[in-house]
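Biologist: Can you put the model up? I have a few questions about the strands and the core.

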Amino acid sequence: MIRYLVLICTAIACTLCSCPQDWAEYDGECLFFGHDRRDFIGAENDCKHRHSYLASVDNAGKANFIRQILSVMHSNRLYRYWIGGTDFAIEGSWRWLETGSAIGPYTNWADGRPTNNGTFNCMMMEWVGDGLKWVDVECNHRDVTYICETAVSSS
């Protein structure tokens, strides 16, 4: 059921795009909304298998686009989504996996986040009230869906 709702949303969002089937296009990027739950490494590995990375939610427009699609999943009790931020290399220095770039200037951390706890090295988006916020958590949570990103195909 959830898979079909996501397919409908992505079909609406991507009528004439250059993204693979089941992906949504936003501003030259293709986004895939994972259907199963994995830990952070499992989610990143699935994205790599799809020739992509965990998504970099690096601007307000993309965050709003993702929120609109995930609002359908939220109504089906899916609340948490891995995205590609991590501070594995240097605690407190958050970077996007896709580019290695420092996160910012756009951020969307929940209140009190990041915690700068030495074991909370992975970033997820989760619903806080009516909005999706970033939280730093341990990477071994297995009950989290995920979002992959890749560039639009030039073909």
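Modeller: What follows covers one strand, its partners and the nonpolar cores, all in a predicted model.

Biologist: Start with strand 4. Is it buried or exposed?

Modeller: Strand 4 covers residues 80-86, and six of its seven residues are buried, so the strand is largely enclosed by the rest of the structure.

Biologist: Which way does strand 6 run against strand 4, and how many bridges join them?

Modeller: The two run antiparallel, with four bridges between them. Strand 6 spans residues 122-128. One pairing there is W82 with M124 of strand 6.

Biologist: And strand 8, parallel or antiparallel to strand 4?

Modeller: Parallel, through two bridges; strand 8 is residues 145-151. Y81 has T145 as its bridge partner in strand 8.

Biologist: What about strand 5?

Modeller: Strand 5, residues 95-96, is joined to strand 4 by two bridges and runs antiparallel to it. There, R95 is the bridge partner of T86.

Biologist: Switching to packing. Which residues have the most contacts inside the largest nonpolar core?

Modeller: F33, I66, L70, W134 and I147, in a core of 24 residues.

Biologist: Which elements give two or more residues to it?

Modeller: Strand 2 (29-33), helix 3 (60-74), strand 4, strand 6 and strand 7 (131-137). Helix 3 gives the most, six residues.

Biologist: How many residues are in the second core?

Modeller: That one is separate and has 18 residues, including C122, M124, V135 and Y146. M124 is also the strand 6 residue bridged to W82.

How values were computed
Residues numbered from 1 in each chain as written. Predicted model: local features only at pLDDT ≥ 70, side-chain atom pairs only at ≥ 80, totals over all residues. Heavy atoms only, no water. Buried < 20%, exposed > 50% of the residue type's maximum accessible area, 1.4 Å probe, protein only. Pairing = 2+ DSSP bridges. Core = buried A, V, L, I, M, F, W, Y, C linked by side-chain atoms within 4.5 Å.
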